[in-house]
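Let's take a walk through this model together, starting at the ligand and working outward from there. Have the structure open and follow along.

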Amino acid sequence: MAFSMKDKKVIITGGGKGIGAGITETFLEEGAKVVFTGRNEKDGLAFANQMKEKGYEVDFVKADAASEKDTENLFQEANKVLGGIDIVVLNAGYYPESKTRDMTLDQWDEVLNINLRGVFLNTREAMKYLKAGGRIVITSSITGNRVGNSELPHYGAAKAGVNGFMRSVALELAADEITINAVEPGNIMTPGMETNLGPEYIKNQESIIPMASLGDPRDIAYAILFFASDEAKYITGQSIIVDGGQILPESPLEM
Ligand code: NAP
């Protein structure tokens, strides 16, 4: 069967909520063994237990994606628990609103650290463990790569940086037969969307998305699954947009 994850050993950062939870459940359903992370231990353990009750092999490791020490510890733990690592999904991210003129350096650093430094740290660690056939898949964004958002300049910079980083790493890993690719979600209904951007933003987005609703975490999970599959072995350094057609209209008159 195509795109099977049977017995694949998978790390998913930020895998206990929102898009990450959708990715974790999808990979488990397809037969993977998963270690996922987050910073909130209570929430992470609760989601892991929910998945274990369904009979899946899954564990939570508390790890801040932006911490070098946590990242090293995560890969050591996951390697032990899973007995190797085949696939690494870098999904942890954060998108609080702030305009550039109002932004403190701490706000800038926090967003760059989680969304960009975190991808670097986890990719560097993944390189120590992945073997031929290994996969890295990143949850990037249309923000920064295809569109701008005046309330998310730090986030746009980080996600555009992620895609640039990903293309360079693809070259470094190509001869090892390890691929790295990214999925660029549009607007997806998640707890982060509700708390960071809120109901008014969500309503506005629904009115401009050609498919007329926000996406579901599973819409992103299946695109990630594709890049992570054995069948995607000849694709590297690429990204796929999953946005319900959001970036397509040439002008508002199209809508
Ligand atoms: P979410 O609902 O807020 O979930 C974020 C997840 O990441 C949580 O599990 C959170 O766990 C974890 N996390 C956050 N910071 C972390 C850190 N420093 N270290 C480890 N884990 C961390 O967000 P989401 O909407 O699902 O977004 C997931 C990814 O998709 C992000 O990379 C985001 O940028 C990207 N994205 C989302 C959308 C969208 O419309 N939702 C669009 C484009 C891209 P804890 O709370 O336990 O830390």
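Which helix gives the largest share of the shell around the ligand? Keep in mind as you look that this is a predicted model. The answer is helix 6, with three residues in that shell.

Now for the shell as a whole. The ligand is surrounded by 29 residues, and the closest are Lys 17, Tyr 95, Tyr 155, Ile 188 and Thr 190. Sort the shell by chemistry and you get 14 polar residues, 11 nonpolar ones and four charged ones.

Next, zoom in on the polar contacts. Tyr 95 has a side-chain N or O atom 2.5 Å from an oxygen atom of the ligand. For Tyr 155, too, a polar side-chain atom sits 2.5 Å from a ligand oxygen. Lys 159 joins in with a side-chain N or O atom 3.0 Å from an oxygen atom of the ligand. As for cover, the ligand on its own would expose 890 Å², and the protein buries 93% of that area. If you'd like to trace where the shell comes from, look at helix 1 (18-29), helix 5 (153-174) and helix 6 (191-208), the elements that each give two or more residues to it.

Leave the ligand for a moment and look for enclosed space in the protein. How many cavities of 30 Å³ or more turn up? There is one, and the space inside this largest cavity comes to about 50 Å³. Its lining is made up of Thr 13, Ala 65, Leu 90, Asn 91, Ala 92, Ile 114, Gly 118, Val 119 and Asn 122. Helix 4 (residues 105-129) gives the most to that lining, with four residues. In terms of chemistry, the lining has five nonpolar residues, four polar ones and no charged ones.

Finally, step back and take in the whole fold. The protein has seven helices and seven strands. Read from the N terminus, the elements run β-α-β-α-β-α-β-α-β-α-β-α-α-β. The radius of gyration is 17 Å, close to the 18 Å that the globule rule gives for 255 residues, so the protein is as compact as a globular protein of that length. As for its dimensions, the C-alpha trace spans about 50 × 40 × 40 Å along the principal axes.

Technical notes:
Residues numbered from 1 in each chain as written. Predicted model: local features only at pLDDT ≥ 70, side-chain atom pairs only at ≥ 80, totals over all residues. Heavy atoms only, no water. 1 Å grid on protein atoms, 1.4 Å probe; cavity = no way out; pocket = protein on both sides within 12 Å on 5 of 7 lines; lining within 4 Å. Points joined across faces, edges and corners; volume = space filled by probe spheres on them. Nonpolar A, V, L, I, M, F, W, Y, C, P; charged D, E, K, R; others polar. Near = heavy atom within 4 Å. Polar contact = N/O pair within 3.5 Å; in protein donor to acceptor, adjacent residues only side chain to side chain. Areas by Shrake-Rupley, 256 points an atom, 1.4 Å probe, with all protein chains shown as cover. Rg over C-alpha atoms; globule rule 2.2 N^0.38 Å.
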